[in-house]
Amino acid sequence: MTEIGDRSYVGINNIVQACSKIYPDQLNPTQATSLVKYWLGGSECLDYISIYHNQGNDTSPTHWHYVTFGFSDLHGDGRVHKVASKDDPDSTSGYGFELTFRLRKAPENSNSVQEIPLWPCKLLQYLAKYVFKTGTQFRAGHHIPFGHVLPNLYSSDGNTHIHDLLITNDRQLKSFRTNLGSVEFLQLVGCFENELEAAQECNVAQIIDLFSTNRKTGGTLLVTDMSRRESIFDIIPNAKQMIREKIEKEGSQLGRVLARCSWNVESVPPNDTHFRPVTSIDLTFDLDAAKIFLKILRTRLRRGKWFIFDSLNNQSICFISIAANNQGIMVDSIQQIMILGMREAQIMLLPDHIDLCTDLMSHISDIKDEQTLPLRYEIPFHTNTKMIISIISSNEFNHDGVEY
């Protein structure tokens, strides 16, 4: 760890200024820094992670506030990120965000550097590694099903109920724009497995709103307590019923997720700039993504809505019902599968196809582990047109040595 000093780089300065508005008395916060910077051949993608002491408020406990430096363009000279065009009002700085994480302080901890937990820095560098490897961009409303990874980063025995992460906007740090592009601060919020499942049923924002109402789940600042033993549904017993009733009345508001998935077709130029129809598409999901697909058939597509899976390799799969009328829809009841290069796939599911998917795949809701995988399903659309869905284990989605 080192102490932050004056920096001449505009990207760094703007993040420091944003933090200084929240922490005017902590102008030299403790920093975790990579010994060899990424742009000098180092393995850690983030230059710095600043760690602030936050007193909390009436609803949120005292905590450590971790803020990354490196997802956005810190230098403006092309050493890491492509320099944004000054003439593009929608340009982003680097990936367009920095990540934050708020970790509840143990009651016996002081503010000394020696007592700052370092495992969140490993978590943030871990996430940075796969963002840099795959080009995946996080958004508020995404969630990260982490499985064993988060507990093992936290402690050697994995003794925590916090297994997964939700992503929302940081409640204190405000987005900004410079001549390097825009930057927003996205906060990681730890959650139980059943809280993640509820977010997949409705949306992340609804679970975040529930968390913010109770001190045990982080309060308004959404502080993660790794020692928490009660889920939000234990703390607010009627919360699950409220969510179910809202979904039955309005359908799910979750329209997009980041998931382990991919798609493939034959003989298509990967950089094609125009949508083109295809007669067959192969979709691949891990078990978590497949369960989400099964849920959104009922909560989204049956209700005339659409749903998008963003993959970890910068592909997207957009499922569209025949009643959806959003801009940008290229499919119809005749040409049900359209693709844009190898980046975006649009698939229209008619009511009988939704029923068929549900009937064929309903059993996966009861699968608890991946020992029964792989599974394969073929969904015929009309003459010579089909969708094939394969479910494989999550570790088969590793890319370039990065485990997701």
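Guide: Helices (H or I, at least four residues) and strands (E, at least two) are DSSP runs, numbered from the N terminus. This is a predicted model, in which local features need pLDDT of at least 70, side-chain atom pairs count only at pLDDT 80 or more, and totals for chains, interfaces and linings use all residues. Residues are numbered from 1 along each chain as its sequence is written, and side-chain values use heavy atoms, leaving out hydrogens and water.

Visitor: Which residues does UniProt list for "domain: Suppressor of fused C-terminal"?
Guide: The name comes from an unreviewed entry, and such annotations may be inferred rather than shown by experiment. In that UniProt entry, the domain covers residues 274–381.

Visitor: How far apart are the end C-alpha atoms of residues 274–381?
Guide: Over this stretch the chain is 22% helix and 33% strand. From one end C-alpha atom to the other, the separation is 23 Å.

Visitor: At what angle do the axes of helix 8 and helix 9 cross?
Guide: Helix 8 is residues 287–299 and helix 9 is residues 351–361. Axes are lines fitted to C-alpha atoms (for helices over the stretch in contact), with angles from 0 to 180 degrees between N-to-C directions. The two helix axes come within 10 Å of each other and cross at roughly 140°.

Visitor: How many polar residues does the contact of helix 8 with helix 9 have?
Guide: Phe293, Leu294 and Leu297 of helix 8 meet Ile354, Cys357, Thr358 and Met361 of helix 9 (contact means heavy atoms within 4.5 Å). By class, six of the contact residues are nonpolar and none is charged, while the number of polar residues is one.

Visitor: Which strands stand at the edges of the sheet with the order 11-13-19-18?
Guide: This open sheet has four strands with mixed pairing, where two strands pair if DSSP finds at least two bridges between them. An edge strand has a single partner strand, so one side is left without a neighbour in the sheet. That describes strand 11 (261–264) and strand 18 (375–380).

Visitor: Which residue is the bridge partner of Pro380 in strand 19?
Guide: Strand 18 and strand 19 (residues 386–391) run antiparallel and are joined by six bridges. Strand 19 also has six bridges to strand 13, with those two strands running parallel; there, Ser280 stands opposite Lys386. In strand 19, Pro380 is likewise bridged to Lys386.

Visitor: At about what angle does helix 9 run to strand 18?
Guide: Helix 9 lies across both strand 18 and strand 19. Its angle to strand 18 is about 160°.

Visitor: Which residue in strand 13 is the bridge partner of Asn264?
Guide: Four bridges join strand 11 to strand 13 (residues 280–285), and these strands run antiparallel. One bridge pairs Asn264 with Asp282.

Visitor: How much does the twist average in the sheet of six strands?
Guide: The strand order of this open sheet is 10-14-15-17-16-12, with mixed pairing. Strand 10 (256–258) and strand 12 (275–277) are at its edges. From one strand to the next, the twist averages 20°.

Visitor: In strand 17, which residue is the bridge partner of Ser321?
Guide: Strand 15 (residues 316–321) and strand 17 (residues 344–349) run parallel, joined by six bridges. The partner of Ser321 is Leu349.

Visitor: How far apart in space are His163 and Leu254?
Guide: His163 is in the loop between helix 3 (149–154) and strand 7 (164–169). Among the residues that His163 touches, not counting those up to four places away in sequence, are Phe146, Cys191 and Glu193. Leu254 is 91 residues from His163 in sequence, and in space the C-alpha to C-alpha distance is 21 Å.

Note on methods:
Ala, Val, Leu, Ile, Met, Phe, Trp, Tyr, Cys and Pro count as nonpolar, Asp, Glu, Lys and Arg as charged, and the others, Gly among them, as polar.
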